[in-house]
Amino acid sequence: MAMEVITPEGFRFDGRRVNEPRGIQCCVGGCGREADGYAVFELGSTKAVAYVYGPMEAKQRSQSLHDRATLSCTLSTATFATVARNFGRKGDRQSQERSMWLQQTFESAILLEQYPRSQIRLFVQVLQAEGSPVAAAINAATLALADAGIPMRDLVVACTAGLLGRKPAMDLSREEEQAGGAAVLVASLTGSKRVSLLEVESKVPEGFFAPLYDMALQGCHAIAEQMRRPRNPDIQRSLCFLPPRTCLLEHASEGFSLRKSRRKA
Amino acid sequence: MDADLLQRFNPEEFYRHFLADGLRPDGRSLREPRRAELQRKALGSALGSASLRLGRSSALAGVRGELDEIGRIEVSVDLPPLCSALFREKHRALGQMSFLSKTLTEVLNLQSVFDATQLVCHGEASWVLHVHIICLNYDGNAFDLCLLAAIAALEDTDLPALMKEPGTEAERLAIAPAESEIVAEARKLVLLARPLPVTFARMPGGQWVQDPCAVEESLGASVSLCLVDGRWLVFHQGGGADANRFLEELMPVARTSTEKLAKLLDDP
């Protein structure tokens, strides 16, 4: 089916130009979280939430290495995230493979040798998949790792790029992904401009790989720049699933003063 | 002994000190629920969705529909390992997950709560609503959290208009784009009565505390009361069968609490 994907003026279906990523919202940390690191990342309407537990002692001997930490990653997609009918299917091939991508990406980015004989557990849940879910998952994971205070070589940022007609475009939305053009996913250590993950799941026509790759890399930098900017607290409040800081602080301080008075008595 | 150490190694003793004064370590009194916050339309991709916070517990519910012969609601609750260190091994959450999924499905399908005839679309076909609930941060009282999130998500649900799919021999229905021949109108889902839950946990000293957090839940059995259309349903968790003796005492407290919950759900 031939479809006009880019208007003659150079706009895409959702009004972006080819070199514009979707809007980014993120929320790092939160009050009362169970995990050591927590972050929510929104790329357009694609939404992912990441949790980091650790570094901690490995439960099983087989999971610990004497010279560095082990990293275990789990990426899961909520059943209501996509249009596809996937009720009750856990640990399917796709999630397993995507978990492996995450693992490979972060094994090269985290300074694992800083924590011998320990384990870091990373969980990412995609809550809404409206194009480039894995890129959003990687970005959420980076922020959660930073929140947990785990040293990394650099912020890892991911972005997709794909061919719309014959033009490369960055950060594909769901409609653009489904159009079936060639697409690549790149995760890069943005400061050093090194690439830690490159996934190509479809056939790329000859001569188009280099422009696609450059476009994705450019996208990584555009997203990283936005991630480093200070964030609007109001947006964070509406985005984060955890309680707002103020109400709980009151609560906590109340409990604390009680405990103090108790101790004196 | 240091208070933090005591809390960690002997939570029962730690709690006893507080409960003697009629207080809990987080500053609440015995019959005080945590602050609840509801956000409707939390997701765009589901028919209906809501996210709910209850203190530090947080859950996200999404409703998806498919067509089948018998219209009904099916609830599935997920307590993934990411929501708490308690569920680090998956099997620890399995019991609670299946209890919650089964109980919530039963409660929401009660005739006094939900009229399944509103799901009928065209001829034989009927909507089946799958309510998926993911717990995003677990700090006790999953029953209240999940039930309230499910209700809010269902009340947020819009059933889309349907049309006959063109070019198929058998009668197939599909979601209708604008300006097509509609066989089933778009409509909003209606609940006849809201089941309103209140949970209590039994402390080592014999007191009952309302809306228990994860530590309080681990100290003793808990009982969930659920007000459905003027009648109470009682669910025991963790072997609290002798709770029946205390129901007389707990019900008036629960009743005032349900009024507050109704207000939370009414609030736009």
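Guide: Welcome! Helices (H or I, at least four residues) and strands (E, at least two) are DSSP runs, counted from the N terminus. You are looking at a predicted model, in which local features need pLDDT of at least 70, side-chain atom pairs count only at pLDDT 80 or more, and totals for chains, interfaces and linings use all residues. Residues are numbered from 1 along each chain as its sequence is written, chains are lettered from A and ligands numbered from 1 in the order in which they are written, and side-chain values use heavy atoms, with hydrogens and water left out.

Visitor: Where in chain B is the place of B:G140?

Guide: Look for strand β6 (125-137) and helix α4 (142-155) of chain B. B:G140 belongs to neither of them, but sits in the loop between β6 and α4.

Visitor: Does B:G140 count as buried or exposed?

Guide: Buried means under 20% relative accessible area, exposed means over 50%, and partly exposed lies in between (1.4 Å probe, protein chains only). B:G140 has 0% relative accessibility, so it counts as buried.

Visitor: Which residues is B:G140 in contact with, leaving aside its neighbours within four places in sequence?

Guide: A contact here means heavy atoms within 4.5 Å. B:D78, for comparison, lies 62 residues from B:G140 along the chain, and their C-alpha atoms are separated by 14 Å. The contacts of B:G140 itself are B:R34, B:S57, B:P212, B:C213, B:A214 and B:E217.

Visitor: How much of chain B is made up of buried residues?

Guide: Chain B has six helices and 15 strands, and its C-alpha atoms fill a box of roughly 75 × 40 × 30 Å along the principal axes. Of contacts between residues at least 6 apart in sequence, 66% join residues at least 24 apart. Out of 268 residues in chain B, the buried share is 54%.

Visitor: How far apart are the mean positions of the positive and negative charges of chain B?

Guide: Lys and Arg count as positive and Asp and Glu as negative, leaving out His and the chain ends. Each charge is placed at NZ of Lys, CZ of Arg, CG of Asp or CD of Glu. For the 28 positive and 38 negative charges of chain B, the mean positions are apart by 4 Å.

Visitor: Turning to chain A, how many helices and strands does it have?

Guide: Chain A has 265 residues, and 51% of them are buried. Among its contacts between residues at least 6 apart in sequence, 72% join residues at least 24 apart. Its secondary structure comes to six helices and nine strands.

Visitor: Which residues of α1(A) are buried?

Guide: An α-helix has 3.6 residues a turn, so residues three or four places apart point the same way. The cover over the buried residues of α1(A) includes β4 (70-77), β5, α2, β6 (156-164), β8 (183-189) and β9 (194-200) of chain A. The buried residues are A:S95, A:R98, A:S99, A:W101, A:L102, A:Q103, A:T105, A:F106 and A:A109.

Visitor: How far apart are the end C-alpha atoms of α1(A)?

Guide: The expected span of a helix is 1.5 Å times one less than its number of residues. For the 17 residues of α1(A) that gives 24 Å, which agrees with the modelled separation of its ends, 25 Å.

Visitor: How many residues of α2(A) are buried?

Guide: Helix α2 of chain A covers residues 133-147, and just after it A:G149 takes a positive phi of about 75°. The helix is largely enclosed by the rest of the structure, because its buried residues number 13 of the 15.

Visitor: Is A:D171 buried or exposed, and what is its relative accessible area?

Guide: A:D171 has a positive phi near 55°, although it is a residue other than glycine. Its place is the loop between β7 (167-170) and α3 (174-178) of chain A. A:D171 is buried, with a relative accessible area of 1%.

Visitor: Does A:R117 count as buried or exposed?

Guide: A:R117, also a residue other than glycine, has a positive phi near 60°. It lies in the loop between α1 (93-109) and β5 (118-128) of chain A. At 53% relative accessibility, A:R117 counts as exposed.

Visitor: In which strand is the place of A:P55?

Guide: The peptide bond leading from A:G54 to A:P55 is cis, with omega near 0°. Within chain A, A:P55 is in residues 46-57, which form strand β3.
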